[in-house]
Amino acid sequence: MAVSGRDGRAGQDVLRRVGEASVLILISLADGPKHGYALIQDIKELAGVELGPGTLYGALDRLERLGLIEPLPADDRRHPYRITATGAAALRVHLDSLERVSAAGRLRLQLGGI
Amino acid sequence: MDEPRATRLVEAVLRCYPARWRRRHGDEAAELAALLIRDGTPVSSVAWSYLAGAAREWLTSRPGRRLSTAACALLVAACALGIAAGLLPSTVPARAAGTSPAPGRAHCRPGSVPGVIPALGHPRVIIWEAWHGRADPRRRRRRRALAETGVIIVVAVLLAGLIRTFAFQTFWIPSASMVPTLGVYDRVLVQKAFFTWRGVREGDIVVFSHPPLDQCGAPQEQGDLVKRVIALPGQTIYSSGNSIYIDGRRLAEPYLPRYDPLGPPIPDASRQHPYRVPPGEFYVLGDNRADSCDSRYWGPIQGSSIIGKVVLTFWHDSHPDLHRF
């Protein structure tokens, strides 16, 4: 299976090593298929991050190779992508782990009292 | 930038991607760039982003090729090899023009670069074959690996040649005329990039092509020479005792040993009538004044004949030794 490649066992956070751009793309695709330009616009809106077009395609290819997204039939020149079930699961695992980290961080800030 | 030019630039950058990528994303990427530029994204930032993406695309893994790390390593090795080959084996004699011919000159052969790189290249090919060369379907991959290695070797050779020609070149010193600063068999690094003879200063050690009036060495020893610049264009020079006077003031020469007899004096020059160096020319002397064939014999050298400035000795007194000038 593509997911259990170099990144190891199932259930592990495969998104930990793919980079911020890939995670943002997955988040953006979570509510429905999008193509390149729509992705860039959406990510700018939801995270305030301006994704470079060069970064975008690299990340899309990587996500596809990992089986986390899949291409839909081309619409004219545009190639929309859709998140796969694996991708959704991986995103959930990743967001959970982010949440744990952010909760721990907040707690420590509180304990530190700075 | 107007629109057609921006489009052309983006198209040019997109051509940097591998063909496989272009078949897949090329059209959409071009359209995306046009949309982004229309939205006010600077053309340069779009172009840079695609350029960086193309570089990543070439360097990172593709399907069916798990050896991307090895490929990267090879690329880095090629660069390192290119630099090393450019600096180390390209040794050419910088005859210090000692009045006595130097021993062992026949050993020196300039430009051994091409011989070095294949020698280092072969083991890599063998390793690659050992990794891939077992099953039949892998033959194609092996061929590709071989081609890749070939490309790397070619790139390394080109890089080495470029560095040698334009940036840095090493020379070795076959004679004793720059003793004690540079001994026989010392190796020096000569800076050629960002160097013009107009920037040469008093006290610099320079490598220059053989002056036409040099009669000191045997006819076959007509290579490049290395000497220290003593007087700049337009300055006056004369000698008295073991001291040299530039523009009337005594030249402090901290690079010389405490007692360094001058040997032959500066010819045709006295306190009353010092010699004036013509514009665009330099008066050069060897540090081993008593045993050096230099401007005292063949006059000042043309600034345009200066090849570069010695910036570093990396081999001194028969062992590796870094010393910056």
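These are legends for a set of close-up views of a predicted model with chains A and B.

**View 1. Chain A as a whole.** This predicted chain has four helices and two strands. Walk along the sequence and the pattern reads α-α-α-β-β-α. Of its 114 residues, 31% count as buried. As for how the fold is wired, take the contacts in chain A with a separation of 6 or more: 52% of them are between residues 24 or more positions apart.

**View 2. Chain B as a whole.** Here we have seven helices and 13 strands. Chain B runs to 325 residues, and buried ones make up 32% of them. Among the contacts in chain B with a separation of 6 or more, 68% come from residues 24 or more positions apart.

**View 3. Where chain A touches chain B.** On the chain A side 13 residues take part, and they are in contact with 18 residues of chain B. Two elements of chain A give two or more residues each to this side, namely α2 (36–47) and α3 (53–65). The top contributor is α3(A), which gives six residues. Sort the chain A side by residue type and you get seven polar, three nonpolar and three charged.

**View 4. A helix pair in chain B.** Zoom in on α2 (residues 19–38) and α3 (residues 43–59) of chain B, whose axes come within 10 Å and cross at roughly 160 degrees. Angles over 145 degrees count as roughly antiparallel, and α2(B) and α3(B) are therefore roughly antiparallel to each other. The crossing of α2(B) past α3(B) is right-handed. From α2(B), the residues to look for are B:W21, B:A33, B:L36 and B:I37, which meet B:V43, B:V46 and B:E57 of α3(B). By type, that contact has six nonpolar residues, one charged and no polar.

**View 5. The open four-stranded sheet of chain B.** The strand order in this sheet is β8-β7-β6-β9, and the pairing is antiparallel. The edges belong to β8 (249–250) and β9 (275–276) of chain B; each has a single partner strand, so one side of each is left without a neighbour in the sheet. Further in, β6 (residues 236–240) and β7 (residues 243–246) of chain B run antiparallel and are joined by four bridges. One bridge to pick out in this pair links B:S240 with B:S243 in β7(B).

**View 6. Strand β12 of chain B and its partners β3 and β4.** This view follows β12 (residues 306–316) of chain B, which runs antiparallel to β3 (residues 187–191) of chain B and is joined to β3 by five bridges. Look for B:L189, whose bridge partner in β12(B) is B:L312. With β4 (residues 205–208) of chain B, β12(B) shares three bridges, again in an antiparallel arrangement. In that pairing B:V207 stands opposite B:G308 of β12(B).

**View 7. The hairpin of β12 and β13 in chain B.** Staying with β12(B), we now turn to β13 (residues 319–324) of chain B; four bridges join the two strands, which run antiparallel. A handy landmark is B:T313, which stands opposite B:H323 in β13(B). How many residues sit between the strands of this hairpin, and which residue takes a positive phi? There are two residues between the strands, and B:D317 takes the positive phi, near 55 degrees.

Methods
Residues numbered from 1 in each chain as written. Chains lettered and ligands numbered in written order. Predicted model: local features only at pLDDT ≥ 70, side-chain atom pairs only at ≥ 80, totals over all residues. Pairing = 2+ DSSP bridges. Contact = placed C-beta atoms within 7 Å. Nonpolar A, V, L, I, M, F, W, Y, C, P; charged D, E, K, R; others polar. Axes fitted to C-alpha atoms, helices over the stretch in contact; angles between N-to-C directions. Parallel < 35°, antiparallel > 145°, perpendicular 65-115°, else oblique. Left-handed = near helix turned anticlockwise from the far one by under 90°. Buried ≥ 20, exposed ≤ 12 C-beta atoms within 10 Å, placed from the backbone.
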